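Q: Please take a close look at one helix in this model, and then set it in the context of the rest of the chain. I would like to know how its length, its buried side and its surroundings fit together.

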Amino acid sequence: MKDNKIFKSLKTFFSILGLLVFLSVTFVIATNASGWSSLLSVMGLIKAESLYAPHSSKMLEGATAGIVASLDDPYSKYLSKNQWQELKLQLNAEFGGIGVYVVQIEGGKLAIVSPIKGTPAARVGLKNGDIISRINGESTVGMTQDDAVHLMRGDPGTQLELSVFRPDDGQEHDFKIVREIINVPSVEEKIVSESPLLGYIKLNQFHARSAQEIAKSLNSLQDKNIKGLILDLRDNGGGDFDAALAISNIFLDNQEVVSVKDAKGKETVHNSMAGSYNAPLIVLVNKNSASASEILAGALQDNGRAVLVGEKTFGKGLVQTVYPLRDGGALKLTTQKYFTPNGTDINEIGINPDHVVTNIDKATKDLQLERAIELLKQKIK
């Protein structure tokens, strides 16, 4: 008897749920009748009249991408299977490839940026600024950055044929490069002053191992008995939100790092643990310091832990959540807005440094770094 009551209750529940879903779908269709009519007309015309055979999977993928694009949010995006795999590789920072960063420049050209030290790309002599013209014999004209990166990735031990145009000498250069496992380092370290001894750490991106790499570099510098540190977040576009929280644990001592609010107004405050480094700290930022870089920089500035030097940051105060989908792709969706410990919303505004310094030509003279060294020496005295 008891089982029958449970069964009837479940039946009633699912009947009501089904009715609600039906009414919701009916409402959407009724309030967007012209839109649905156009969609069905387009599908019918393509099927009946198109010179080219329609691919249902591509149509569905395009419709899904279009729904996300309708949000007018530059950070929300439907990721295809390949794009989702690429994002996971970036966040894990380990893949089979040759070890170069690629950017799309003016005119749609694909340029090589900073071959990673110790990788096949660096060993064969690829240079910063080389323009990729062919990948495995395929022209890069009209090729997207994502497509180019995907083609250059591959299993370790396989060969990649790459042709580049080098503006420095006006010549085309051909390379045959054997792929390897590339561990993308996010950290570079060095000594920038001997008296007093000052350390410098450049953080290129926030990924799964960034906090571990920062800690390792910091330990190495502390073994040399540095008196202060410069943390360089310039041109760091962000990355893993959790990596920013983990790195803050190194520099902050049980203090607020960032608070986030979702679409329903629910607020979550993230606090640091006890920090391990408490010596004087200067942080370098510029207009390309974004997202996770701004979370870390804002936390260090608001808590009075570091002085910021450079230019106003990019201004990306939004957090994206990635939802894997059944087709192998994923939905990257803006789900939260974040605020610095002082409650500042920096989205589309940025963070103002304590000392504004503009670099005219960083390659010849890094005025921002020079000012940071000067200020750090003053703090130590």
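A: In this predicted model, helix α7 covers residues 210-223, and at 1.5 Å a residue its 14 residues should span 20 Å, which agrees with the 20 Å that separates its end C-alpha atoms. The residues of α7 that are buried are Ser-210, Ala-211, Glu-213, Ile-214, Ser-217, Leu-218 and Leu-221. Viewed down the helix axis, these buried residues fall within an arc of 160°, and they therefore line one face of α7. The face turned away from that buried side carries Gln-212, Lys-216 and Asp-223, which are exposed. The cover over the buried residues of α7 includes the strands β10 (187-194), β11 (197-203) and β12 (228-232), together with helix α8 (241-251). After the helix comes Asn-225, which has a positive phi, near 70°.

Helix α9 offers a second case to set beside this one. In α9, 10 of the 11 residues are buried, so this helix is largely enclosed by the rest of the structure. Its buried residues include Ala-292, Glu-294, Ile-295, Leu-296 and Leu-300, and what covers them includes β12, α8, β13 (256-262), β15, β16 (307-310) and β18 (330-339). Strand β12 and helix α8 are thus among the elements that cover buried residues of α7 and also among those that cover buried residues of α9. Gly-304, whose phi is positive, near 70°, follows α9. In the loop between β15 (281-285) and α9 (292-302) lies Ser-289, which is buried, with a relative accessible area of 1%. Leaving aside residues up to four places away in sequence, Ser-289 touches Leu-233, Arg-234, Asp-235, Asn-236, Glu-294, Thr-313 and Phe-314.

Charged pairs add another kind of link, and a search of the whole structure finds 9 salt bridges. In one of them Asp-130 pairs with Arg-166, with the closest N and O atoms 2.8 Å apart. This pair links distant parts of the chain, since Asp-130 sits in the loop between α5 (120-124) and β5 (131-135) whereas Arg-166 belongs to strand β7 (residues 159-166), 36 residues apart. Asp-130 counts as buried at 1% relative accessibility, and Arg-166 counts as buried at 8%. Another salt bridge joins Arg-371 to Glu-374, where the closest N and O atoms are 2.8 Å apart; because these two are 3 residues apart in helix α10 (residues 367-380), about one helical turn separates them. Arg-371 is partly exposed, with a relative accessible area of 23%, and Glu-374 counts as partly exposed at 39%. Salt bridges that share partners also join Lys-202, Asp-232, Arg-234 and Asp-366 into one network.

On the surface, Leu-39, Leu-40, Val-42, Met-43, Ile-46 and Met-59 make a nonpolar patch of about 490 Å², and helix α2 (residues 33-49) gives the largest share of it, 5 residues. Met-43, which is found in α2, is partly exposed, with a relative accessible area of 40%.

For the chain as a whole, there are 10 helices and 19 strands, and buried residues make up 39% of the 381 residues. Of the contacts with a separation of 6 or more, 65% are between residues 24 or more positions apart.

Definitions and conventions
Residues numbered from 1 in each chain as written. Predicted model: local features only at pLDDT ≥ 70, side-chain atom pairs only at ≥ 80, totals over all residues. Heavy atoms only, no water. Helix = DSSP H or I, 4+ residues; strand = E, 2+ residues; numbered from the N terminus. Expected span 1.5 Å × (residues − 1). Buried < 20%, exposed > 50% of the residue type's maximum accessible area, 1.4 Å probe, protein only. Arc of directions from axis to C-beta. Contact = heavy atoms within 4.5 Å. Patch = residues over 30% accessible without salt bridge, like charges linked within 9 Å, V, L, I, M, F, W, Y side chains within 5 Å. Areas by Shrake-Rupley, 256 points an atom, 1.4 Å probe, with all protein chains shown as cover. Salt bridge = Lys/Arg side-chain N within 4 Å of Asp/Glu carboxyl O.
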